[in-house]
Amino acid sequence: MEQALRKKRSLKNVLTFIIPSLLGIFLFMIPISYKGDITIPIAVLSGLIQELLAGYLPHIMTAIIILTLLGTLLAKTVRPEIMARNPFLKTLLDVPLIWFVARILGAIFAVCALFKLGPEMIWSDNTGGLLLNDLLPVLFAVFLFAGLFLPLLLDFGLLELFGTLLTKVMRPIFKLPGRSSVDCMASWLGDGTIGVLLTSKQYEEGFYTKREAAIIGTSFSVVSITFSLVVISQVGLAHMFVPFYLTVTAAGLICAILAPRIPPLSRKPDTYYIKQSGNYSEDKIPPGHNSFSWGMTQALDKAGTHRGIRDFFISGIKNILDMWMGVAPIVMALGTLALIIAEYTPFFQWLGLPFIPLLEWMQVPEAKAASETLMVGFADMFLPSVIGASIESEMTRFIIASVSVTQLIYMSEVGGLLLGSKIPVSFWELFVIFIQRTLITLPVIVLVAHFLF
């Protein structure tokens, strides 16, 4: 009788591991063809919601940002009893002063952009209007589905299996746990925002140290294949997508190997957000097991701890609220400020001046025009290709597009998300990492460009 019960429990664990994990892999990682584009199912679902709610999403996001601010005001002044009883609400709304200020700015900028109030520099189509009408609707939809279905990747044993199988690759090359390979795949095939969300959740649960979370967030939250195609099309070189994407991948991998080995990433402490998760080990394989069998053992143990569909939806809804309310106001505030500086001041052009002699030495045509695009990517990844589209040299346009994708940290999306998440990186650290990524990837890209043109 006891043996039959154990077998039944074992079969239940196997099915609890296999079915949600396969569904998670399909939704987040399997490329499908949709309306002539290669994308992933989560992106398709996000697109459908955007189409369905097209005219309403800026209003919805403004309402979410205002509600977040009101909740934070209550948490700071009245301190309702429900917050003392609910750790999730307390963490979400009772934020440090700097994020409180960011939420105030985010709400002001969102209202100005929605109703075109105040100075045009706040609500124009190149600053606050771009964020509220173009980016935040995308984030609303991506967070809705990615947040809801993220437990399929996190809670049913898939990361435990991948982590144990790939730790021998990820540890020596990237100084990361094996499970980070899933974050990378989700970003690469889906979107960098999904990678940040996945990394932040695992960091909070004690699977990554501060150093590991910062490395993954800044090195592996890569731009998706789909958006890369948009960038190369913008500079009029869509026919070169394959060599372009291979160049971006090679430069990104080199950067992911080098960047974690230099400050500020190398100086991040190997300590945990709260404490290390004690129910999982990918590095220590016990006697009698190989990587696969130990990975499967841990995956099935993890699947066995799941408590059913109610927990799945509660976890998913918490993810959605965390990203909608925790991240959207930060993206609106910091992204708008960065775009105002990029659009209305010569600040980023000045920052690009030191690159002119470097680009001339590398024999890049139209070096001065190219230098103006190199630093503006910190504000928004799409700006370099918009500014660089008018440059005559195809080689220079190819370099600008490639560098803008590999720089990775731009304040209108991934940078803002990283700052709004629990991942331990500051604004100035992101700026330094952005410059490092530019200096590491630029020579690789220029070298390839000389071979191609």
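Let's start with Phe149. In this predicted model, Phe149 touches Leu27, Phe28, Ile42, Leu45 and Phe312, leaving out residues up to four places away in sequence. So which larger group does Phe149 belong to? Phe149 is in the largest nonpolar core, which has 134 residues. The residues with the most contacts inside that core are Phe28, Leu136, Phe149, Met332, Ile399 and Leu442. Notice that Phe28 is on that list and is also a partner of Phe149.

Which helix gives the most to this core? That is helix H8, residues 128–154, with 18 residues. There is also a second, separate core, with 6 residues, and among them are Phe17, Leu161, Met296 and Ala299. If you like a general rule to hang this on, nonpolar side chains in soluble globular proteins tend to be buried together.

Let's stay with H8 and pick out one residue, Ala141, which lies in that helix. Is Ala141 buried or exposed? With a relative accessibility of 0%, Ala141 counts as buried. Now look at Ser46. Along the chain, Ala141 and Ser46 are 95 residues apart, yet their C-alpha atoms are separated by 4.7 Å. Ser46 is also a contact of Ala141, together with Ile49 and Gln50, once neighbours within four places in sequence are left aside.

Next, how do helices pack? Two packed helices are described by the angle between their axes and the distance between the axes. Take helix H6, residues 97–115, and H8: their axes come within 9 Å and cross at roughly 85°. An angle from 65 to 115 degrees counts as roughly perpendicular, and therefore H6 and H8 are roughly perpendicular to each other. Who meets whom there? From H6 we have Ala110, Ala113 and Leu114, and from H8 we have Gly128, Gly129 and Leu132. Sorted by class, this contact has 4 nonpolar, 2 polar and no charged residues.

H6 has another partner, helix H16, residues 309–344. What is the angle in this case? H6 and H16 pack at about 70°, with their axes 8 Å apart, so these two helices are roughly perpendicular to each other as well. On the H6 side, the residues in contact include Trp99, Arg103, Phe109, Ala110 and Ala113. On the H16 side, they include Met325, Pro329, Met332 and Leu337. You have already heard of Met332, one of the residues with the most contacts inside the largest core. And Ala110 and Ala113 have come up before, because they also meet H8. By class, the contact of H6 with H16 has 12 nonpolar, 3 polar and 1 charged residues.

Let's move to the backbone. Where is there a cis peptide bond? Look at the bond from Pro263 to Pro264, where omega is near 5°. Pro264 is found in the loop between helix H14 (241–258) and helix H15 (291–304).

Two other residues are worth a look for their phi angles. Lys116 has a positive phi of about 55°, although Lys116 is not a glycine. You will find Lys116 in the loop between H6 and helix H7 (120–123). Gln363 is also a residue other than glycine with a positive phi, near 60°. Gln363 sits in the loop between helix H18 (355–361) and helix H19 (367–374), and at 60% relative accessibility Gln363 counts as exposed.

Now cysteines. How many disulfides does the structure hold? The count is 0. Cys112 is buried, with a relative accessible area of 11%, and Cys255 is buried too, at 0%.

Two more residues before I stop. Gly415 is in helix H22, residues 414–420, and Gly415 counts as buried at 0% relative accessibility. Setting aside neighbours within four places in sequence, Gly415 is in contact with Ile409, Tyr410 and Leu430.

Then there is Leu89, in helix H5, residues 87–93. Leu89 is partly exposed, with a relative accessible area of 23%. Not counting residues up to four places away in sequence, Leu89 touches Ile82, Met83 and Asp94. As for Gly71, Leu89 is 18 residues from Gly71 in sequence and 9.3 Å away in space, C-alpha to C-alpha.

Methods: Residues are numbered from 1 along each chain as its sequence is written. This is a predicted model: local features need pLDDT of at least 70, side-chain atom pairs count only at pLDDT 80 or more; totals for chains, interfaces and linings use all residues. Side-chain values use heavy atoms; hydrogens and water are left out. A nonpolar core is a set of buried Ala, Val, Leu, Ile, Met, Phe, Trp, Tyr and Cys residues joined through side-chain atoms within 4.5 Å. Buried means under 20% relative accessible area, exposed over 50%, partly exposed in between (1.4 Å probe, protein chains only). Helices (H or I, at least four residues) and strands (E, at least two) are DSSP runs, numbered from the N terminus. Contact means heavy atoms within 4.5 Å. Axes are lines fitted to C-alpha atoms, for helices over the stretch in contact, and angles run from 0 to 180 degrees between N-to-C directions. Angles under 35 degrees count as roughly parallel, over 145 as roughly antiparallel, 65 to 115 as roughly perpendicular and the rest as oblique. Ala, Val, Leu, Ile, Met, Phe, Trp, Tyr, Cys and Pro count as nonpolar, Asp, Glu, Lys and Arg as charged, and the others, Gly among them, as polar. A disulfide is a pair of cysteine sulfur atoms within 2.5 Å.
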